[in-house]
Amino acid sequence: MHPSDLEILEQIHSDVFLSDIDLFRYESEFFQNVVNGRDIVSWAAVDHSRPNGQSDELIGFVTARIVTAKDSEIADLLRYDPSKGHQTLVYILTLGVVDAYRNPGIATALIHEVIKYASSVAVCRAVYLHVISYNNPAIHLYKKTSFKCCGGCMGFT
């Protein structure tokens, strides 16, 4: 993502998480960090077939952060062993796709980008995320992409 995506990222985020806006309210600093690549990695989906100069407009996104395994809430689930040295995890912060573009595989492709990134980090043990318990479409998506439920979150190892 680029700094020019800031406004549309904030708009899509608020549209995607509208019903849960109080649960998923992020400060403007979060979005600034995303578009400027500060401590957050991100991937964007764009529709190149849109007319009228909108061909690079954002239609989906995923954001993630590298966290240390020992400090994560899932260290016990991973059977973290400090004798194995520095280990990390990739934590998916947000994932969203504009309503009109859901179901053709955009979210799946974005998740695969995160997994590919995590596999390039030599000391990464897993990818994990949180999903609200009543978001059945999201839970189905994560299970379809090989994530497993693990104590209040979902993980891919």
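Start with the largest nonpolar core of this predicted model, and select Leu95, Tyr142 and Phe147, which touch the most other members among the 26 residues of that core. To see where the core draws its residues from, colour strand 1 (41-46), strand 2, strand 3, helix 3, strand 4 and helix 4 (136-144), the elements that each give two or more residues to it. Helix 3 supplies the largest share, with seven residues. Then add Phe17, Phe30, Leu89 and Ala126 to the selection, since these residues are included in a second, separate core of 19 residues.

With both cores marked, zoom out to the whole chain, which has four helices and six strands. Following the sequence from its start, you will pass through these elements in the pattern α-α-β-β-β-α-β-α-β-β. Of the 157 residues in the chain, 43% are buried. If you display contacts between residues at least 6 apart in sequence, 61% of them join residues at least 24 apart.

Next, select strand 3, residues 88-97, where ten of the ten residues are buried, leaving the strand mostly covered. One of its pairing partners is strand 2 (residues 58-68), which meets strand 3 in the antiparallel sense over nine bridges; to find a place in this pairing, look at Gly60, which stands opposite Val97 of strand 3. Strand 3 is also joined to strand 4 (residues 124-129), this time by five bridges and with the two strands running parallel, and here Val90 can be seen opposite Val127 of strand 4. Keep strand 3 and strand 4 on display and add helix 3 (residues 106-119), and you have a right-handed β-α-β unit made by these three elements.

Now step back to Gln87, in the loop between strand 2 and strand 3. Is this loop residue buried or exposed? Gln87 is buried, because its relative accessible area is 7%, which falls under the 20% cut-off. Show its side chain together with that of Arg125, and a polar contact of 2.9 Å can be drawn between the two.

Move on to helix 1, residues 6-16, and pick out its buried residues, which are Leu6, Leu9, Ile12 and His13. Why do these four lie on the same side of helix 1? They do so because they cover an arc of only 130° around the axis. As a general point, an α-helix has 3.6 residues a turn, so residues three or four places apart point the same way. To see what lies over the buried residues of helix 1, bring up helix 2 (28-36), strand 2 and strand 3, which are included in their covering.

Finish the tour at two loop residues whose backbone deserves a look. Asp39, in the loop between helix 2 and strand 1, has a positive phi of about 65° although it is not a glycine. Asp39 counts as exposed because its relative accessibility is 66%, which is over the 50% cut-off. Then go to the loop between strand 3 and helix 3 and select Asn103, which has a positive phi of about 90° and likewise is not a glycine. At 81% relative accessibility, Asn103 counts as exposed.

Definitions and conventions: Residues numbered from 1 in each chain as written. Predicted model: local features only at pLDDT ≥ 70, side-chain atom pairs only at ≥ 80, totals over all residues. Heavy atoms only, no water. Buried < 20%, exposed > 50% of the residue type's maximum accessible area, 1.4 Å probe, protein only. Pairing = 2+ DSSP bridges. Right-handed = clockwise from strand over helix to strand, strands pointing away. Core = buried A, V, L, I, M, F, W, Y, C linked by side-chain atoms within 4.5 Å. Polar contact = N/O pair within 3.5 Å; in protein donor to acceptor, adjacent residues only side chain to side chain. Arc of directions from axis to C-beta. Contact = heavy atoms within 4.5 Å.
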